[in-house]
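Work through the exercises below with the structure open beside you. Try each task before reading its solution.

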Protein chains: 2
Amino acid sequence: MTSTLPRTVDPACLQEVLDGRWAHVRRDAREQLGDPEYAPVYGESVQEARERVTRLAGELAATGRVGLGFPKEYGGEADAGGSVTSIEMLAYGDLSLMVKAGVQWGLFGGAVQLLGTRRHHDAYLPDIMSFALPGCFAMTETGHGSDVQQLRTTCTYDPDTRTFDLHTPHEAARKDYIGNAAKDGRMAVVFAQLVTQGEPRGVHAWLVPIRDEDGNPVPGVTIGDDGPKAGLLGVDNGRLTFDHVRVPREMLLDRYGQVAEDGTYTSSIENETRRFFTMLGTLVRGRVSVGGSAGSATRMALDIAVRYGDVRRQFAAPGRDREIVLNDYLVHQRKLLPALATSYALAFAQEELVGTMHDVQTAVHEHGEAVDEAAQRELESRAAGLKVANTWHATRTIQTCREACGGAGYLAENRLPQLKADTDVFTTFEGDNTVLLQLVAKGLLTGYRDAFGSLDGWGRVAFVADLVREAVLERTAARGLIARLVDAVPGRDDDVPLRDRGWQLRMFEFREKHTLEGAIRRLRRNAATASSPTHPMEPFAVFNSVQDHVLRTAQAHVDRIVLEAFVAGIERAADPGARALLDTLCDLYALSTIEADKGWFLEHGQLTAARSKALTGTVNALLGELRPHMVTLVDGFGIPHVWKNAAILEEEAGRQEAMHREDTAAQDARLRAAGDTAPGGSRDDTATSVDVPPGQ
Amino acid sequence: MTSTLPRTVDPACLQEVLDGRWAHVRRDAREQLGDPEYAPVYGESVQEARERVTRLAGELAATGRVGLGFPKEYGGEADAGGSVTSIEMLAYGDLSLMVKAGVQWGLFGGAVQLLGTRRHHDAYLPDIMSFALPGCFAMTETGHGSDVQQLRTTCTYDPDTRTFDLHTPHEAARKDYIGNAAKDGRMAVVFAQLVTQGEPRGVHAWLVPIRDEDGNPVPGVTIGDDGPKAGLLGVDNGRLTFDHVRVPREMLLDRYGQVAEDGTYTSSIENETRRFFTMLGTLVRGRVSVGGSAGSATRMALDIAVRYGDVRRQFAAPGRDREIVLNDYLVHQRKLLPALATSYALAFAQEELVGTMHDVQTAVHEHGEAVDEAAQRELESRAAGLKVANTWHATRTIQTCREACGGAGYLAENRLPQLKADTDVFTTFEGDNTVLLQLVAKGLLTGYRDAFGSLDGWGRVAFVADLVREAVLERTAARGLIARLVDAVPGRDDDVPLRDRGWQLRMFEFREKHTLEGAIRRLRRNAATASSPTHPMEPFAVFNSVQDHVLRTAQAHVDRIVLEAFVAGIERAADPGARALLDTLCDLYALSTIEADKGWFLEHGQLTAARSKALTGTVNALLGELRPHMVTLVDGFGIPHVWKNAAILEEEAGRQEAMHREDTAAQDARLRAAGDTAPGGSRDDTATSVDVPPGQ
């Protein structure tokens with residue numbers, strides 16, 4: 001338990017490990033995005049913010065930096081991983097610009113690229129990339145957010161006119177929260193229920209003009225404004241309503257489903273639900289980007305709070321000549337250090353996810369390989385799980401950082417309020433977190449076979465006769481390493497040191513497997529009760545009564561994925577000091593995660609009461625070991641100083657020094673003045689707390 | 001475990017219990033503050049918000065409603081409890097106005113009233129009450145927020161000119177976050193270190209002009225603007241710096257300390273620290289108001305989220321003809337119902353606190369009785385503890401409510417963003433929550449004898465030789481009732497039903513007592529180590545190594561106070577239905593609190609593994625019982641509909657009905673069209689999820 005950490009660690013070595021496979025994209029951003037223009041601006045009106053962000057989006061397009069994800073024949077680089085990493089770097093700046101860019105080039109451009117075909121690419125991708133054609137991704141409806149398959153907008157083919165009739169049947173079907181809609185969008189990718197030859201064919205997407213050259217809504221399209229929001233003021237979210245709008249046949253994005261002139265429907269994917277989720281699956285990049293951006297914003301907040309806590313002092317203490325810096329307080333360390341460890345863990349997991357996404361998408365879209373459905377479903381599950389973990393971590397941690405900075409944390413000039421407000425929507429957009437956890441759980445329950453990425457319906461699968469899947473854990477990238485560590489743990493858990501990595505991994509595995517098995521058992525029992533002739537259980541109750549259990553399964557799964565990614569990431573550290581520091585940080589991540597759920601581990605016999613109490617002591621000891629390295633750890637994030645834009649980082653250290661000089665001078669003067677009295681004699685009455693008699 | 005709840009409960013009966021002792025103040029506010037003017041406004045600039053709120057503050061003054069807390073001879077009502085309740089009601093409206101009113105009449109006016117003497121009252125109270133004299137409460141400094149005793153601003157008496165010299169020695173001593181400073185304030189109550197005849201005399205307060213008739217800063221005063229903030233845009237927080245400003249002798253607020261013309265210092269309280277905390281203690285009203293206001297904002301957020309969750313539908317389910325309303329999902333209930341139970345619990349505890357505060361202050365200030373120091377210290381501890389509990393509950397719960405409303409919860413028009421942003425500072429102003437918990441802990445460790453309300457220094461008390469206090473719990477108002485319930489619990493805990501109130505109370509008591517005893521034991525052990533000649537422990541480490549344990553003690557104490565207040569509050573319910581509902585809700589509060597800390601109860605042998613698992617089942621069962629009463633429970637808060645200002649409350653139900661009508665009509669049409677095919681034949685291909693074969 002004695003620390004083996006060196007006194008100092010070179011943060012550049014940490015940064016190198018974190019930078020990972022797309023280090024070149026990060027380096028480029030650090031060098032090129034230093035322009036103060038990209039910094040967030042405080043106190044703007046909604047209109048000012050929107051205008052500024054629109055202008056910046058155009059400038060960003062002009063740098064050519066937005067093309068990473070697009071095909072090479074249109075000037076892009078066909079680098080899916082690079083494009084997501086680039087968004088993640090943009091998220092260190094103004095988050096409105098990040099979201100605006102994500103809407104334009106990720107969602108809108110991505111949908112045209114991945115759901116459209118050659119003729120759409122030729123006609124629109126160049127203007128989309130240059131921002132000459134700002135567009136919307138119009139999926140969500142007021143009444144159907146996460147439940148996309150239930151959208152109520154209809155698009156009905158009429159062979160006589162060879163056009164579709166796009167229609168919003170009622171207000172709940174209105175497209176809502178649509179970025180780029182309120183002000184800039186000229187076209188929109190609109191998702192609606194296709195009907196042709198009198199048959200519903202499920203959700204498809206069309207490319208639809210919504211504004212004319214002068215920026216006025218085209219006939220039949222009503223555009224509303226979502227108005228001021230908690231944050232992201234620079235993003236013009238709005239509402240779209242369609243009143244029997246005529247859409248030419250060729251505007252159907254028809255990669256996965258085609259309508260012939262006479263209205264005949266064809267698709268290479270026969271099953272409608274499978275087709276729908278195949279289409280949606282191509283758009284996973286958006287969800288990966290949100291998770292990555294949440295990670296950046298969280299690291300920024302931690303950077304600010306840790307640096308401030310290292311210079312801001314509060315309260316005197318006996319035996320110290322100056323007031324104590326905040327980071328020296330155990331409870332302050334408890335607030336910041338486990339969060340910091342989690343941010344490292346999530347960064348490694350995100351890096352792994354981006355790599356997987358890149359490889360899966362490159363195989364299909366660049367090398368023309370067939371989709372590996374299992375790999376695709378698992379990718380979607382990982383993307384969903386890490387989006388949840390990253391965004392809830394962001395919400396919690398940025399809140400903690402703001403509180404850790406006291407009143408200063410409430411002022412816009414110190415950045416934290418905007419980080420909190422801007423990222424707040426991340427937990428519910430690109431899939432509501434609770435719904436996404438259900439998706440993850442569904443994958444675990446069915447082994448991805450039937451999951452399809454559907455956002456509802458972990459429930460319905462309980463009726464599948466062969467839900468009786470064995471709970472088998474799929475190991476992550478580092479499976480060999482993980483297995484070795486786990487297998488090396490001796491039999492009796494109680495004797496294993498808490499800092500044994502294999503034991504920690506085994507605890508995470510055990511919790512996932514046991515929770516999953518329990519969920520399967522309970523679902524099966526409920527399903528049996530449901531069909532009982534005497535006391536049938538309402539079908540909805542079959543799922544609903546175990547919903548909390550099922551979501552815990554997903555959470556335990558995500559925690560394990562993240563820990564395994566951390567363990568694998570440490571292997572990439574060449575520098576022994578950096579490696580030792582990451583090892584200790586990983587202990588903190590693993591043990592504080594177990595500590596937070598110690599009730600479960602106690603309930604399930606995985607911790608004795610004594611060991612559980614020892615766990616708290618070990619976490620506190622780790623905080624003590626890591627305390628001297630707090631600033632090094634945020635340095636490791638590699639956030640350029642000019643990106644931070646927090647006044648307290650510039651001012652606080654200087655203020656403290658000035659106060660110290662003044663205090664010292666005043667004390668000297670007092671001592672001189674009291675030269676002929678007893679030493680310290682005149683000081684008993686001062687309010688200096690170190691001199692106040694105990695108990696006063 | 002079977003529910004004994006009636007099918008419906010009259011919310012008016014709940015409201016009557018919650019309204020409590022100052023029901024007349026609440027009734028008056030409900031009737032008189034319905035003016036749409038008092039509603040929050042979204043999307044304003046900082047300047048617009050400030051101007052509007054200044055105007056409203058003037059109008060509020062003109063209604064006479066701000067005088068509740070002031071002496072009768074100046075047109076007030078000398079009703080301390082009423083004044084705090086009035087602020088709590090104002091907090092249902094625009095929180096900027098609430099804070100502005102709190103600054104003007106609570107902090108600024110309250111300081112003049114309670115720290116000043118007759119001549120200050122005669123000269124200033126009328127103008128303060130009418131808002132003709134807007135003022136500031138200038139205590140906090142950039143470098144000393146919670147550590148008020150360490151303020152660095154000095155005020156030095158010069159007998160030659162019979163004036164004080166008020167001075168800011170360096171930037172860390174600048175007054176910061178001061179409400180009313182940036183725009184409106186004409187005077188400020190400034191806290192500074194008094195020096196007279198060369199002797200420091202500790203912190204005192206002066207009434208100091210800061211702006212002239214034309215609104216310009218007076219010579220020597222520099223006024224800065226804190227600029228945009230996370231929320232509370234209508235409050236003009238600013239910074240004050242004093243460059244050797246001359247303050248006339250009579251402007252010292254001299255109730256607790258006087259300076260004669262020749263500079264001789266006198267005070268009825270000899271000990272400087274005791275004097276300081278006596279002064280501060282009179283100002284407890286501010287902290288009580290913040291807790292109460294946080295309670296109002298939280299209830300408003302719950303009202304919005306619960307009503308929305310009752311009409312908003314998401315996802316189909318087998319056996320249900322319409323999509324499921326959010327409130328029917330177990331996990332949605334898990335988010336909202338324990339929070340709702342906690343809001344009831346805190347409302348009862350707050351009501352009890354306000355009553356105690358009123359009685360203590362009325363005894364001293366109206367009836368001229370001597371201060372009961374123990375009662376005053378305990379009041380301060382309760383005020384601190386409930387401020388912490390209310391404000392962290394607000395931060396967590398408003399966040400949960402915003403997420404529970406999905407994208408709609410992010411739009412300003414639905415109120416939740418502003419509730420979150422405005423209340424966010426509550427956790428760190430009027431005392432940082434972590435520091436306040438230390439204050440509570442200090443009171444517990446020393447039995448309030450030496451606590452003084454000091455915000456640092458639970459640490460220092462460990463050096464008091466007789467820290468060896470026995471851990472004895474002081475019972476709250478309902479002590480007789482509580483004792484009967486606890487004593488009625490049979491011996492063996494494992495057999496007692498989880499819903500036995502006595503058992504629940506005993507668990508809360510046990511946790512507090514055991515945690516407190518452990519903290520005392522550890523502090524004593526550390527103190528012994530500190531003086532070890534061979535391996536001395538650094539004095540700071542004596543406290544710091546147990547800081548987390550000590551704060552848990554305070555938390556456990558506050559939880560018990562709150563539960564006991566809930567139990568006592570139920571006794572006031574005359575209606576049997578309301579009483580039964582509150583009883584069930586109290587079970588949920590108690591058991592979900594134990595569940596959240598089940599790790600501790602398992603570690604300490606208070607729950608077996610089996611009983612701990614049963615606890616989760618019982619909480620879920622309670623959620624099921626309370627589900628039909630969710631809307632009744634928010635109705636019980638008695639928030640007038642016109643105060644809510646959330647667009648979704650007006651629109652969502654209508655949208656859902658329109659969609660349902662449309663869906664039903666479409667289904668009828670399909671059935672008619674399919675009249676000659678097999679029943680439902682044409683529907684297999686629709687995306688209606690109930691019809692999709694399992695696994696698709």
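The exercises go from the overall form of one chain to single residues, and the model they use is predicted.

**Exercise 1. Overall form**

Task: Find out whether the radius of gyration of chain A agrees or disagrees with that of a compact globule.

Solution:
- Step 1. Take the length: chain A has 696 residues.
- Step 2. Take the expected value. A compact globule with 696 residues would have a radius of gyration near 26 Å.
- Step 3. Compare. Chain A has 28 Å, which agrees.
- Step 4. Add the extents. The C-alpha trace of chain A spans about 110 × 65 × 50 Å along its principal axes.
- Step 5. Add the secondary structure: 21 helices and 11 strands in chain A.

**Exercise 2. Inside and surface**

Task: State what share of chain A is buried, and what its surface is made of.

Solution:
- Step 1. Of the 696 residues in chain A, 65% count as buried.
- Step 2. The exposed area of chain A is about 23800 Å². Carbon and sulfur atoms supply 52% of that area.
- Step 3. Turn to contacts with a separation of 6 or more. In chain A, 74% of these come from residues 24 or more positions apart.
- Step 4. Look at charge. Chain A carries 76 positive and 97 negative charges, and their mean positions are 4 Å apart.

**Exercise 3. Salt bridges**

Task: For three salt bridges, say where the partners sit in the chain.

Solution:
- Step 1. Start with the principle. Side chains of opposite charge can pair when their charged atoms come close.
- Step 2. Count. The whole structure holds 115 salt bridges over all chains.
- Step 3. Take A:Asp328 and A:Arg627, whose salt bridge has an N to O distance of 2.8 Å. A:Asp328 is in the loop between helix 8 (284-311) and helix 9 (330-366) of chain A. A:Arg627 is in the loop between helix 19 (609-626) and helix 20 (630-635). The two are 299 residues apart, so this pair links distant parts of the chain. A:Arg627 is buried, at a relative accessible area of 16%.
- Step 4. Take B:Glu59 and B:Arg55, with closest N and O atoms 3.3 Å apart. Both are in helix 3 (residues 46-62) of chain B. They are 4 residues apart, which means about one helical turn between them. B:Glu59 is partly exposed at 28%, and B:Arg55 is partly exposed at 42%.
- Step 5. Take B:Arg501 and B:Asp587, at 2.7 Å, N to O. B:Arg501 lies in helix 14 (residues 501-530) and B:Asp587 in helix 17 (residues 576-596) of chain B, so the pair ties together parts 86 residues apart in sequence. B:Arg501 and B:Asp587 are both buried.

**Exercise 4. Two residues of chain A**

Task: Decide whether A:Glu16 and A:Leu585 are buried or exposed.

Solution:
- Step 1. Locate A:Glu16 in helix 1 (residues 11-19) of chain A.
- Step 2. Apply the cut-off: exposed means over 50% relative accessible area. A:Glu16 has 61%, so A:Glu16 is exposed.
- Step 3. Check a distance. A:Glu16 and A:Ala574 are 558 residues apart in sequence, and 9.4 Å apart in space, C-alpha to C-alpha.
- Step 4. Locate A:Leu585 in helix 17 (residues 576-596) of chain A.
- Step 5. Buried means under 20%. A:Leu585 has 0%, so A:Leu585 is buried.
- Step 6. List contacts beyond four places in sequence. Those of A:Leu585 include A:Ala341, A:Tyr344 and A:Phe566.

Conventions
Residues are numbered from 1 along each chain as its sequence is written. Chains are lettered from A and ligands numbered from 1 in the order in which they are written. This is a predicted model: local features need pLDDT of at least 70, side-chain atom pairs count only at pLDDT 80 or more; totals for chains, interfaces and linings use all residues. Side-chain values use heavy atoms; hydrogens and water are left out. The radius of gyration is taken over C-alpha atoms; the globule rule is 2.2 Å times the number of residues to the power 0.38. Buried means under 20% relative accessible area, exposed over 50%, partly exposed in between (1.4 Å probe, protein chains only). Contact means heavy atoms within 4.5 Å. Accessible areas come from the Shrake-Rupley method with a 1.4 Å probe; for residues, only the protein chains shown count as cover. Lys and Arg count as positive and Asp and Glu as negative; His and the chain ends are not counted. The place of a charge is taken as NZ of Lys, CZ of Arg, CG of Asp or CD of Glu. A salt bridge is a side-chain nitrogen of Lys or Arg within 4 Å of a carboxyl oxygen of Asp or Glu.
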